[in-house]
Amino acid sequence: MKRFIYFTLTFAILLLWSSCRKDFEFIPSNGNLGFSKDTVYLDTIFANIGSSTYNLKVYNNSSEDISIPNVSLENGVNSGYRLNVDGQAGKSFSNVEILAKDSLFIFVETTFDENQTPLPANEFLYTDRILFDSGTLQQDVDLVTLVKDAVLIFPDRDIDNIVETLSINLNGETIETNIQGRELEASELTFTNQKPYVIYGYAAVPNGQTLTIDAGARVHFHENSGILVNENATLNVNGSFSTDQETLDNEVIFESDRLEPIYENVPGQWGTIWLSENSVNNTINYATIKNATIGVLSDENPNPTTDKLTITNTQIYNSSTFGILGRRTSITANNLVINNSGQASFAATFGGKYNVTHSTIVNYWSNSFRQFPALLINNFRETANAIEITDLTEANFSNCIIYGNDDTEFLLDEFEDPAVVFNFKFTNCLTRFPVNNPNFSGDNYTYTDNTKYDGVIFNQDPLFLDSSNNQLIINSTSPAVNQGNTTFAIQVPNDILNNDRTLSPDLGAYQNDTF
């Protein structure tokens with residue numbers, strides 16, 4: 001009996017509620033829609049490459065349920081924009097409903113297909129409008145995208161849609177890899193500053209050839225992409241000093257193909273510039289390398305006639321693992337600046353030969369725990385079956401700043417063996433290191449030994465302008481001011497900003513400034 005009464009009362013309440021509620025009746029909108037923005041800016045894209053997805057919120061501020069008779073792109077089916085309205089993709093929609101005091105999302109993407117519409121210029125604004133209703137009730141929201149023409153370099157696909165992979169010639173042997181990419185053709189071996197380059201996969205410099213990158217060139221990489229310099233091949237990056245330090249017109253910039261501001265400083269968006277074994281005479285001058293997994297990877301050739309890599313006046317930022325990773329290789333670096341690396345900023349591993357002068361090698365990484373200091377030096381590598389040891393013939397750091405946000409910002413990780421040498425020297429450097437830590441002892445950490453440590457300043461803040469934002473100019477009150485050895489300053493007479501340093505050399509890549 002109680003159950004019967006309960007169900008009867010429930011039914012009566014539902015009947016009463018349904019008789020009192022008003023059925024959903026959608027009336028045509030009256031031109032009073034609200035919008036979260038009057039223009040949707042889709043930032044910058046390259047021709048033929050799709051944008052990220054952006055959103056627009058449409059508000060029904062009235063107390064009535066409304067139906068928008070039509071929502072469409074002004075340029076119709078020929079538009080390069082794409083919409084998703086209430087879960088439906090298309091370019092035109094009818095009777096779009098919004099409940100009273102409610103809203104809906106419209107998602108917007110674009111691709112400018114230059115095969116369909118020729119580019120009017122190397123860079124131009126591509127626009128359209130989203131139209132809501134028509135006639136006197138019509139409202140609209142502008143769509144704006146900056147489109148850049150670009151040179152696209154990408155691997156082929158076979159008839160089974162399998163992406164082309166690289167073969168590497170090494171010491172007379174052809175090695176098949178699973179690295180997606182292709183060799184550059186002869187006509188592609190000079191990158192100019194006329195258009196940006198967008199690389200999918202690895203662009204390989206063929207055996208015996210040289211890739212020349214002109215001053216002012218812009219090179220963008222897709223995810224898991226980069227440049228591979230093969231045996232007997234060479235990379236020459238010929239940037240030059242830029243008077244305008246905001247636009248860096250004459251520098252060569254290597255970065256991701258994601259141009260939205262949110263990706264501006266995100267580490268690990270692309271692979272690396274890989275100088276493979278037996279590549280020769282590689283040079284990088286006035287370049288910015290940012291947001292890679294490894295900025296530059298240099299393999300083997302520790303004792304060539306000319307160092308495998310000479311890198312000068314170059315900045316490497318936001319590498320998810322290493323800024324520079326050398327593996328039994330030879331590198332000369334002057335006016336080099338590295339910061340914000342997920343592991344080490346400069347890793348001189350498995351021995352080799354390194355001469356680094358007037359450089360700022362620091363690490364203020366804050367995204368996660370990092371295993372290594374700003375500067376890592378060792379003479380071994382571990383394989384599945386053994387530990388291989390080799391000579392560290394030279395590791396000279398002169399007039400440098402080696403610092404960061406950890407207590408230990410350099411590490412000399414020697415695998416001792418009388419059959420190999422482990423030669424290093426720090427001359428007139430400012431560094432951060434726990435000199436009284438008993439865990440660091442032995443000949444390599446005898447700080448009074450002038451053959452290893454000469455004029456080294458420990459644990460004094462360099463006073464950078466803003467290390468978290470890669471602004472590593474030192475203040476005029478920095479302890480690094482006028483502490484450089486003039487012999488090395490004469491070898492590198494101008495700092496990275498082209499200021500003379502010979503009379504009163506400061507440590508690092510920058511002469512001081514007042515701020």
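Is serine 330 buried or exposed? Serine 330 counts as buried, because its relative accessibility is 0% (buried means under 20% relative accessible area, exposed over 50%, partly exposed in between, using a 1.4 Å probe and protein chains only). Before we look around it, a word on what you have in front of you. This is a predicted model, in which local features need pLDDT of at least 70 and side-chain atom pairs count only at pLDDT 80 or more, while totals for chains, interfaces and linings use all residues. Residues are numbered from 1 along each chain as its sequence is written, and side-chain values use heavy atoms, with hydrogens and water left out.

Back to serine 330, which sits in strand S28 (residues 322-341); strands here are DSSP runs of E with at least two residues, numbered from the N terminus. Its side chain makes a pair of polar contacts (N or O atoms within 3.5 Å; within protein, one must be able to donate a hydrogen and the other to accept it, and residues adjacent in sequence count only if both atoms are side-chain atoms). One goes to the backbone oxygen of asparagine 301, at 2.9 Å. In the other, a polar atom of the serine 330 side chain lies 2.9 Å from the backbone nitrogen of lysine 308. If you set aside neighbours within four places in sequence, the contacts of serine 330 (heavy atoms within 4.5 Å) are Glu300, Asn301, Pro302, Pro304, Asp307, Lys308, Leu309 and Lys353.

Asparagine 301 deserves a look of its own. You'll find it in the loop between S26 and S27, and it counts as buried because its relative accessible area is 19%. Its phi is near 65 degrees, a positive value in a residue other than glycine. For background, most residues other than glycine have a negative phi. Tyrosine 286 is another case, with a positive phi near 50 degrees. Tyrosine 286 lies in the loop between strand S24 (282-285) and S25, and with a relative accessible area of 9% it is buried too.

Now follow the chain back from asparagine 301 into strand S26 (residues 294-299), where six of six residues are buried. S26 pairs with S28 in the parallel sense over five bridges (two strands pair if DSSP finds at least two bridges between them). S26 also runs parallel to strand S23 (residues 273-275), joined by three bridges. Serine 298 shows both links: leucine 275 stands opposite it, and glycine 326 is its bridge partner in S28. As a rule, strands of a sheet pair through backbone hydrogen bonds, either parallel or antiparallel.

Closer to the start of the chain, S11 has partners of both kinds. S3 pairs with S11 in the parallel sense over six bridges, with valine 40 opposite leucine 143. Strand S10 (residues 123-132) pairs with S11 in the antiparallel sense over ten bridges, and here threonine 127 faces valine 144. S10 and S11 form a hairpin with six residues between them, and aspartate 133 in the turn has a positive phi of about 70 degrees.

There is also an open, antiparallel sheet of five strands, in the order S2-S4-S9-S6-S7. Its edges are strand S2 (34-35) and strand S7 (88-90), each pairing on one side only. Inside it, strand S6 (residues 81-85) and strand S9 (residues 103-110) share five antiparallel bridges, and valine 85 partners isoleucine 106.

What about open space? A pocket here is an open set of points on a 1 Å grid over the protein atoms alone, where a 1.4 Å probe fits, with protein on both sides within 12 Å along at least five of seven lines; lining residues have an atom within 4 Å of a point. The largest pocket holds about 1400 Å³, a volume being the space filled by probe spheres set on the points, which are joined across faces, edges and corners. It has 49 lining residues, and Glu246, Leu248, Ile253, Glu264 and Lys290 lie nearest its centre. Strands that each supply at least two lining residues include S3 (39-46), S11 (139-148), S25 (287-290) and S27 (309-319). By class, the lining has 17 nonpolar, 21 polar and eleven charged residues (Ala, Val, Leu, Ile, Met, Phe, Trp, Tyr, Cys and Pro count as nonpolar, Asp, Glu, Lys and Arg as charged, and the others, Gly among them, as polar).

Definitions and conventions
Helix = DSSP H or I, 4+ residues; strand = E, 2+ residues; numbered from the N terminus.
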